[in-house]
Structures are given as structure tokens and as C-alpha cells.
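Please find below my note on this model. It takes up the cysteines, the nonpolar cores and the main pocket in turn.

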Amino acid sequence: MTALHLRGPVIVDGDRVAAQAWVVGGRITFERPAEVDGSLDGWVLPGLVDVHCHIGLGAQGEVDRDTALGQARADRDAGVLLIRDAGSPADTRWMDDRDDLPRLIRAGRHLARPKRYLRHYARELADVAELPAAVAEEADRGDGWVKLVADWIDRDLGPDGDLRPLWPDDVLAEAVRVAHEHGARVTAHTFATEALDGLLDAGIDCLEHATGADPAQIDRIAAAGIPVTATLLQVAQFGAIADQAVKYPVYAARMRRMHGRRYAHVRNLYDAGVPLLLGTDAGGTIAHGRIADEAAELLAAGIADAEVVAAASWRTRGWLGMPGLVEGESADLVVYDADPRADARVLAAPRGVLLRGVRVA
């Protein structure tokens, strides 16, 4: 059986760094094998995680298999070996049989209401009372996660159109309860301040974007230990979105405010003790393979390099219940020329990517 010598350092997590390791039979080991067939030098990191990504989704909705395959490969070649797919209309189960593609943890399909989200993305519920039953179905379809669209622009308000919650608080609470009953956690797309208290009261498990959180809500999020995926690449587009919303000046003004304070807002979340996650929101209007760009955005917000790398790798793997570089586990890892904890910009240039012990990039 072939063995590859990883001539480290090997970063296991924030507290443990091994001098070296080996890959034998596709698995990681810290015990020297009898024979070694090759070596790879550099700083070794557990495979990166994109915790807000959409495989099988394009700007117009579901994409074909070849396009989805290209999306997964772009993420993989950037070092992303674990993806929480935060909502997709596509059936990507066929990817589970491909050893050369990242591991997917699916959240089923977005749940929204008619005309209250992007067309062709979500499963749209005509009656808000349908939400708990739909959550149960998506929990069974996914891999332990459900994705709700908590707020979106209400165009029926005319020039006063603005972000508004999609679900009554009591229905939302019942939906989260049902998800938990089915063994799933719930995350929610939310831009608006108005939607957050209902989500927090319902016992939401994670928040995507959370751009509208006010100081009191930030304190609530931190006290509950709820992670936030900052998606700064997405929030960077808020200015352009506002420019296109000429019919809705109230909404446009809000989007510009959130765009202008995006770095300060993320820093406020971090300073309050909110766990930050790394997610590109790839799919739709954002290209895949941009995990290093999302990391750079967190650096621009003032988050320390070591914190960004932990969020991109072992810390989020643990939160998702997936192993990192543990004896006997799959050798899913990325190798860099320098210590990414000292300079997270090196995430943009992996020297080697190993998935299931095989070098794929």
C-alpha cells in the first residue's frame, strides 16, 4: 500500500500542530509506516469548508449536471473539500458516488413564498401555514439542515417596498420545532432587522448574512451562541442591487446603508462574541472557487488571520460534525507554502489539495 509523507507542520486545530503525518490507503496517520513512496512539503491544513454554497444553482435557477460538476470542481481546486449546500433546486445526490468531488451536506431547497424571493430558486409556499410540513419534507430531503428565506423585498408596497419578514412568528416557531423533531438544524437567509427577533425566539440554529442585526440583536445572537455566515462577497453587491432598485427608494437606501457599514458590522458581531462562519454564497451571481476571496473580506473587516483560518477549516468542520485531520480519518487536506494562520492570504495559492488521500489539484 502506497504511503505519502506529509512533511509538515500539520495543523490539526488551534491547539495542536504535528511535525509530520502520512497518508496511507487514503487515510491520515501520525504513525510512520514501514515504507514511504513519496512526500509533500508545506503547511498542512484540514480541508477548507464553504458553509454557504449552492451546488447546482445558477443565476436562472437549476443548472445541468455538467455545470454543477464544474461548480464542484472549482470549489475543490480552491481547497474546499466540505460544502454545506445552503439550498439548491437541483438533485445532487449523484455527486455522492464521486470520490473526486467535495463532500456535500445539503439543506434541501430554500423555502420561501411566491414573489418573495429570486425566481426559480426556492420552493414557494402559497400559504404560510404550509411551512411546518414543508420543513419536515425538506429535513428528510437534506442532510440535517433546512434553509428558510426569512425576509425579502415586498414589492406590493409600491415605492415604499422594503424588506419584510415572510413568516408569522408563531408559524416560524412551529417550523423550527418540527425541523428539530426531524433531527435537522435550521438556518435562515436574513437581511432585515425586522425578521431577526422572530428567528431568535423560534430557536434558529444559524443565520446567513444577518446584515440587519442591531446592537441588541447582536447581543442576543452572541448570548445564544448562534453562528453567522457573513457572506461579505454577497454583501459587497448590495450597492449594485440598490442602483437597480430605482422603483423602491426605501429599499435601495437600506441596502446602501448595509453595504456601507458591512465591515464595521462584521467586526461588531465578532467583538460581541458571535461565531463567524466562512461562506461565499457561490451559485447564482457569485462564481464558485472564491473561498480565499471571502477570507480576504473578513481580513478587511479586521478579523485576525488565525480566526479566519479556523473558521475556514477545523472549527467549522467540528461544528458540522465532520472530522478533520484525525488518526484514521479520510485524508482531506490542503497544503500551503506558509502558515495560513500568520497570513491567511496564502489560502489563495494552495500547493496541493488531497481529497480522500488522492491529490486532485
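The numbered points below follow a short remark on conventions.

This is a predicted model, in which local features need pLDDT of at least 70 and side-chain atom pairs count only at pLDDT 80 or more, while totals for chains, interfaces and linings use all residues. Residues are numbered from 1 along each chain as its sequence is written, and side-chain values use heavy atoms, with hydrogens and water left out.

1. The whole structure holds zero disulfides (pairs of cysteine sulfur atoms within 2.5 Å). The sulfur of C53 cannot bond because the closest cysteine sulfur, in C206, is 14 Å away. C53 is buried at 0% relative accessibility, and C206 is likewise buried, at 0% (buried means under 20% relative accessible area, with a 1.4 Å probe and protein chains only).

2. The largest nonpolar core (buried Ala, Val, Leu, Ile, Met, Phe, Trp, Tyr and Cys residues joined through side-chain atoms within 4.5 Å) comprises 97 residues, and L48, L131, L148, L207 and L298 have the most contacts inside it. Domain 1 (3-45 + 323-359) and domain 2 (48-318) each supply at least three residues to this core; the bounds come from an automatic or database domain assignment. Another core, of 13 residues, lies apart from it and includes A18, A21, V335 and L354.

3. Leaving aside residues up to four places away in sequence, L148 touches L111, L131, V135, L172, V186, T187, A188 and H189 (contact means heavy atoms within 4.5 Å).

Terms used
Buried means under 20% relative accessible area, exposed over 50%, partly exposed in between (1.4 Å probe, protein chains only).
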